[in-house]
Amino acid sequence: DQDLTEYRKSLAIRVSGFDVPRPVKTFEDCGFSAELMKAIAKQAYEKPTPIQCQSLPIVLSGRDIIGIAKTGSGKTASFVLPMIVHIMDQPELEKEEGPIGVICAPTRELAHQIYLEAKKFAKANGIRVSAVYGGMSKLDQFKELKAGCEIVVATPGRLIDMIKMKAVTMLRATYLVLDEADRMFDLGFEPQIRSIVGQIRPERQTLLFSATMPRKVEKLAREILSDPVRVTVGEVG
Ligand code: ADP
Ligand code: MG
């Protein structure tokens with residue numbers, strides 16, 4: 001009985017905000033393109049996870065979001081799938097102006113995992129994904145960014161280095177994801193995050209995910225998100 005109670009608590013979802021789109025039950029409900037549906041089918045994702053059911057329609061509607069959920073709940077696809085849709089909606093430019101989607105993650109392992117997940121859905125749509133993080137050759141990463149990409153996944157410090165080296169600009173970025181924000185703060189990346197955010201136009205769509213919401217993260221969220229919807233899965237937050 002205790003176990004069942006705990007289990008139910010772990011699945012509880014709270015959503016707050018105004019005019020929040022209804023959750024979806026299936027990926028078909030999301031209105032994804034045939035290419036994207038094919039890529040999802042290839043992953044054998046039968047249906048969206050609870051946080052995906054809530055957050056996909058919110059993010060697809062263009063709203064900013066704060067997603068509070070523990071590891072393993074499927075947060076990555078909840079920001080990567082709408083990112084693909086967002087990018088496909090942008091006009092193609094003759095001249096490269098840098099990535100449209102920017103994802104910041106605390107560690108190279110996490111950045112690499114997100115990179116792999118993003119590639120699964122990006123490739124079929126002709127979207128290029130680059131990953132830059134510490135511990136890798138700056139020259140190689142410089143060259144990769146120079147070759148062009150629509151999505152960059154990065155640890156904050158290395159992204160700043162790449163911007164300083166003029167490997168990449170934030171001129172065209174309109175979709176920003178801060179993943180595992182609490183861990184990025186724990187690792188001391190707050191100044192780097194603020195610097196990156198400061199270089200991205202304010203009329204962007206911003207998504208912040210975190211397992212916990214300490215006061216400092218809450219403060220950042222208030223400053224950089226506009227009228228966000230808050231989705232909390234389980235007891236966290
Ligand atoms: P989180 O970021 O919340 O820790 P992830 O996005 O890394 O979670 O997802 C955890 C695992 O679940 C990954 O292996 C991912 O491929 C898988 N996954 C994500 N969405 C679905 C889904 N709708 N159906 C089945 N598996 C999924
Ligand atoms: Mg994650």
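**Exercise 1. Determine how strand β8 is paired with β2 and with β1 in this predicted model, and name a bridge partner for each pairing.**

Step 1. Begin with strand β2, residues 65–68, which pairs with β8 in the parallel sense over four bridges. Within this pairing, glycine 67 has valine 231 of β8 as its bridge partner.

Step 2. Turn next to strand β1, residues 13–16, which also forms four bridges with β8, but in the antiparallel sense. Here serine 16 stands opposite arginine 230 in β8.

Step 3. Finally, consider how well β8 itself is covered: the strand runs over residues 229–233, and four of its five residues are buried, a residue being counted as buried when 20 or more other C-beta atoms lie within 10 Å of its own.

**Exercise 2. Work out which residues of helix α10 are buried, which are exposed on the other side, and why the buried ones line one face.**

Step 1. Helix α10 covers residues 215–224, and its buried residues are Val217, Leu220 and Ile224.

Step 2. When the helix is viewed down its axis, these buried residues fall within an arc of 60 degrees, so they line one face of α10.

Step 3. On the other side of α10, the exposed residues are Arg215, Lys219 and Arg222.

Step 4. To see what covers the buried residues of α10, look for elements that include α8 (181–186), α9 (190–198) and β7 (205–210).

**Exercise 3. List the residues that surround ligand 1 and sort them by character.**

Step 1. The shell around ligand 1 holds Tyr45, Pro48, Thr49, Gln52, Ala69, Thr71, Gly72, Ser73, Gly74, Lys75, Thr76 and Ala77.

Step 2. Sorted by character, these residues divide into four nonpolar, seven polar and one charged, where Gly is counted among the polar residues.

Step 3. Asking which element gives the most to this shell leads to helix α4, residues 75–88, which supplies three residues.

**Exercise 4. Decide whether the overall dimensions of the protein chain agree with those of a compact globule.**

Step 1. For 237 residues, a compact globule would have a radius of gyration near 18 Å, and because the protein chain has 17 Å, the two agree.

Step 2. The C-alpha trace spans about 55 × 40 × 30 Å along its principal axes, and the chain that it follows contains 10 helices and eight strands.

Step 3. As for the interior, 43% of the 237 residues count as buried, while among contacts between residues at least 6 apart in sequence, 75% join residues at least 24 apart.

How values were computed. Residues are numbered from 1 along each chain as its sequence is written. Chains are lettered from A and ligands numbered from 1 in the order in which they are written. This is a predicted model: local features need pLDDT of at least 70, side-chain atom pairs count only at pLDDT 80 or more; totals for chains, interfaces and linings use all residues. A residue is buried if 20 or more other C-beta atoms lie within 10 Å of its own, exposed if 12 or fewer, and partly exposed in between; C-beta atoms are placed from the backbone. Helices (H or I, at least four residues) and strands (E, at least two) are DSSP runs, numbered from the N terminus. The arc is that of the directions from the helix axis to the C-beta atoms. Two residues are in contact if their C-beta atoms, placed from the backbone, lie within 7 Å. The radius of gyration is taken over C-alpha atoms; the globule rule is 2.2 Å times the number of residues to the power 0.38. A residue is near a molecule or strand if its C-beta atom, placed from the backbone, lies within 6 Å of it. Two strands pair if DSSP finds at least two bridges between them.
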